[in-house]
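Work through the following exercises with the sequence and the model side by side. Try each task before reading its solution.

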Amino acid sequence: MNPPEAPTATPAAAPASPAFDPPLWRNGWYRPARALASPNFGPRPAGALIDLLVIHSISLPPGEFGNGNVQRLFTNALDWDAHPYFQGIRGLQVSAHFFISRTGELWQFVSCDERAWHAGHSHYRGRGNCNDDSIGIELEGLEGGLFEAPQYAALAALCTALLAAYPIGHIAGHEHIAPGRKHDPGAGFDWPRLQAALTLPAHCWPALPAQMPAAPAPKLP
Ligand SMILES: [Zn+2]
């Protein structure tokens, strides 16, 4: 028998090399965010279990949006004399890992692997000093006020990425980790909306005020 004819057809093209797909995270920095490094951070304690996301609201001065002042505050570049409100926070050195503008633009100031300065005196899920082992997310807004749809979309996407990268077991507001002292993000933040966007069991969320009971159905005659 003749040996089988050598194939003459050109071999199938090698599979195209996969598109360059850089990782979402690099040393605690989230690639889709606009990075603006803050000097206000420090190391986390050795062995810190980063299992808490803390939601805040902020605007400077309160109720004025899109002016860049939050970014300036977190990078110690705010002109304290630019507005009377700033007199009361002169010299404040704070940061958060993330900031989401009213239009849903995402900024990052501190690597999630480092300790940002957003929580202050705080206690949650049986542990104090929440800055040690939490990730802080600031929403541009007024405490107690409403937030914008693009902010919820950006927040849900960010939380999803954080849940995939860190052992997050709790999401809470600043008001929940420092009750009585802090009140943000406040009553205007739609917790059920964020809950609906994420797949986290009920025990991962703060206890929310009971919903108003639905009006009783009219009795049929
Ligand atoms: Zn706060």
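**Exercise 1: a helix and its two sides**

The helix α2 has 17 residues and reaches 25 Å from its first C-alpha to its last, close to the 24 Å expected at 1.5 Å a residue, where the expected span is 1.5 Å times one less than the number of residues. This is a predicted model, in which local features need pLDDT of at least 70 and side-chain atom pairs count only at pLDDT 80 or more, while totals for chains, interfaces and linings use all residues. Residues are numbered from 1 along each chain as its sequence is written.

Task: Find which residues of α2 are buried, and state what covers them.

Solution. Begin with the terms: helices (H or I, at least four residues) and strands (E, at least two) are DSSP runs, numbered from the N terminus. A residue is buried if 20 or more other C-beta atoms, placed from the backbone, lie within 10 Å of its own, exposed if 12 or fewer, and partly exposed in between. By this rule Gln151, Ala154, Leu155, Leu158, Cys159 and Leu162 are the buried residues in α2. Seen down the helix axis, they fall within an arc of 135 degrees, taken from the directions from the axis to the C-beta atoms, so they line one face of α2. On the other side of the helix, Ala149 and Ala164 are exposed. The cover over the buried residues includes β5, β6, β7, β11, β12 and α4 (191-197).

**Exercise 2: a strand inside a sheet**

Task: Work out the order of the strands in the open sheet of 6 strands, and explain why β11 counts as largely enclosed.

Solution. Two strands pair if DSSP finds at least two bridges between them. Following the pairs gives the order β3-β7-β6-β11-β5-β12, with mixed pairing. At the edges stand β3 (34-35) and β12, each with a single partner strand, so one side of each is left without a neighbour in the sheet. Next, take the partners of β11: 7 bridges join it to β5, which runs parallel to it, and 3 bridges join it to β6, also in parallel. Ile55 stands opposite Ile137 in β11, and Phe99 stands opposite Glu138 in β11. By contrast, β6 and β7 (residues 106-108) pair in the antiparallel sense over 3 bridges.

Finally, look at the two faces of β11: Ser134, Gly136, Glu138 and Glu140 are buried on one side, as are Ile135, Ile137 and Leu139 on the other. Since 7 of the 7 residues of β11 are buried, the strand is largely enclosed by the rest of the structure.

**Exercise 3: the largest nonpolar core**

Task: Identify which members of the largest nonpolar core touch the most other members.

Solution. A nonpolar core is a set of buried Ala, Val, Leu, Ile, Met, Phe, Trp, Tyr and Cys residues joined through C-beta atoms within 7 Å. The largest one has 34 residues, of which Leu53, Val54 and Ile137 touch the most other members. At least two residues of this core come from each of β5 (52-58), α1 (69-74), β6 (98-100), β11 (134-140), α2 (149-165) and β12 (170-173). Two residues are in contact if their C-beta atoms, placed from the backbone, lie within 7 Å. Not counting residues up to four places away in sequence, Ile137 touches partners including Leu53, Val54, Ala96, Phe98 and Leu155.
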